[in-house]
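Q: Please take a close look at one strand of this protein and describe how it is placed in the rest of the fold.

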Amino acid sequence: APVRDYLDRTVPAAMSQDSTVAVFDLAGEIVRTVTVSAVAAPVRAGDRVGVATFTQADQVIASVPLVATEDVRRPTLVERVWIGAVRAWRRLSGTT
């Protein structure tokens, strides 16, 4: 999941729990959709950062929260100034 307070920084995520669901094989393919949200630092391992949804035949069969697997500290003042300067430069130069 992207961490908004940093440049190009992400935090790894995993399903918060194992999930078992009985499915009917002939009902079609099971499709997994993963949605992650940008999060603000500090991030603690276990914080919710998204959701994994499993569907079959256009019906949701399971939805499991995604949680951060690592801590991400808040940037220091010096880091925040640097990040702000780089973001301003990227906007001016047209790069993202």
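A: **Strand β3 and its surroundings**

In this predicted model, Arg-32 has Phe-54 of β3 as its bridge partner. That pair belongs to the contact between β2 and β3, which run antiparallel and are joined by seven bridges. On the other side of the pairing, Phe-54 stands opposite Ala-62 in β4. Phe-54 thus has a listed partner in β4 as well as Arg-32. A further pair between β3 and β4 is Gly-50 opposite Leu-66. In total, eight bridges join β3 to β4, again in the antiparallel sense.

These pairings are part of an open sheet of four strands, in the order β1-β4-β3-β2, with antiparallel pairing. The edges are β1, residues 13–15, and β2, each of which pairs on one side only. Averaged over the sheet, neighbouring strands are turned by 25 degrees against each other, with direction ignored. As general background, strands of a sheet pair through backbone hydrogen bonds, either parallel or antiparallel.

β3 and β4 also form a hairpin, with two residues between the strands. One turn residue, Ala-57, has a positive phi of about 55 degrees.

Is β3 buried or exposed? Seven of its nine residues are buried, so the strand is largely enclosed by the rest of the structure. For the protein as a whole, 24% of the 96 residues count as buried.

The edge strand β2 can be examined through Thr-33, which lies within its residues 30–36. Thr-33 has a relative accessibility of 41% and therefore counts as partly exposed, since that class falls between the 20% limit for buried and the 50% limit for exposed. Apart from neighbours within four places in sequence, Thr-33 is in contact with Val-51, Ala-52 and Thr-53. Thr-55 is 22 residues from Thr-33 in sequence, and their C-alpha atoms are 8.2 Å apart.

Next, the nonpolar core. The largest one has 15 residues, and those with the most contacts inside it are Val-3, Tyr-6, Val-11, Val-39, Val-43, Val-49 and Val-72. Both β3 (48–56) and β4 (59–68) supply at least two residues of this core. In soluble globular proteins, nonpolar side chains tend to be buried together. Val-43 serves as an example of the surroundings of a core residue: leaving aside neighbours within four places in sequence, Val-43 is in contact with Val-11, Ala-68, Glu-70, Asp-71 and Val-72.

At the level of the whole chain, the secondary structure consists of one helix and four strands, in the sequence pattern β-β-β-β-α. The radius of gyration is 18 Å, well over the 12 Å that the globule rule gives for 96 residues, so the protein is more spread out than a compact globule. The C-alpha atoms fill a box of roughly 55 × 30 × 15 Å along the principal axes. Among contacts with a separation of 6 or more, 63% are between residues 24 or more positions apart. The exposed area of the protein is about 6,700 Å², of which carbon and sulfur atoms supply 54%.

To return to the strand in question: β3 pairs with β2 over seven bridges and with β4 over eight, and seven of its nine residues are buried.

Methods:
Residues numbered from 1 in each chain as written. Predicted model: local features only at pLDDT ≥ 70, side-chain atom pairs only at ≥ 80, totals over all residues. Heavy atoms only, no water. Core = buried A, V, L, I, M, F, W, Y, C linked by side-chain atoms within 4.5 Å. Buried < 20%, exposed > 50% of the residue type's maximum accessible area, 1.4 Å probe, protein only. Contact = heavy atoms within 4.5 Å. Pairing = 2+ DSSP bridges. Axes fitted to C-alpha atoms, helices over the stretch in contact; angles between N-to-C directions. Rg over C-alpha atoms; globule rule 2.2 N^0.38 Å. Areas by Shrake-Rupley, 256 points an atom, 1.4 Å probe, with all protein chains shown as cover.
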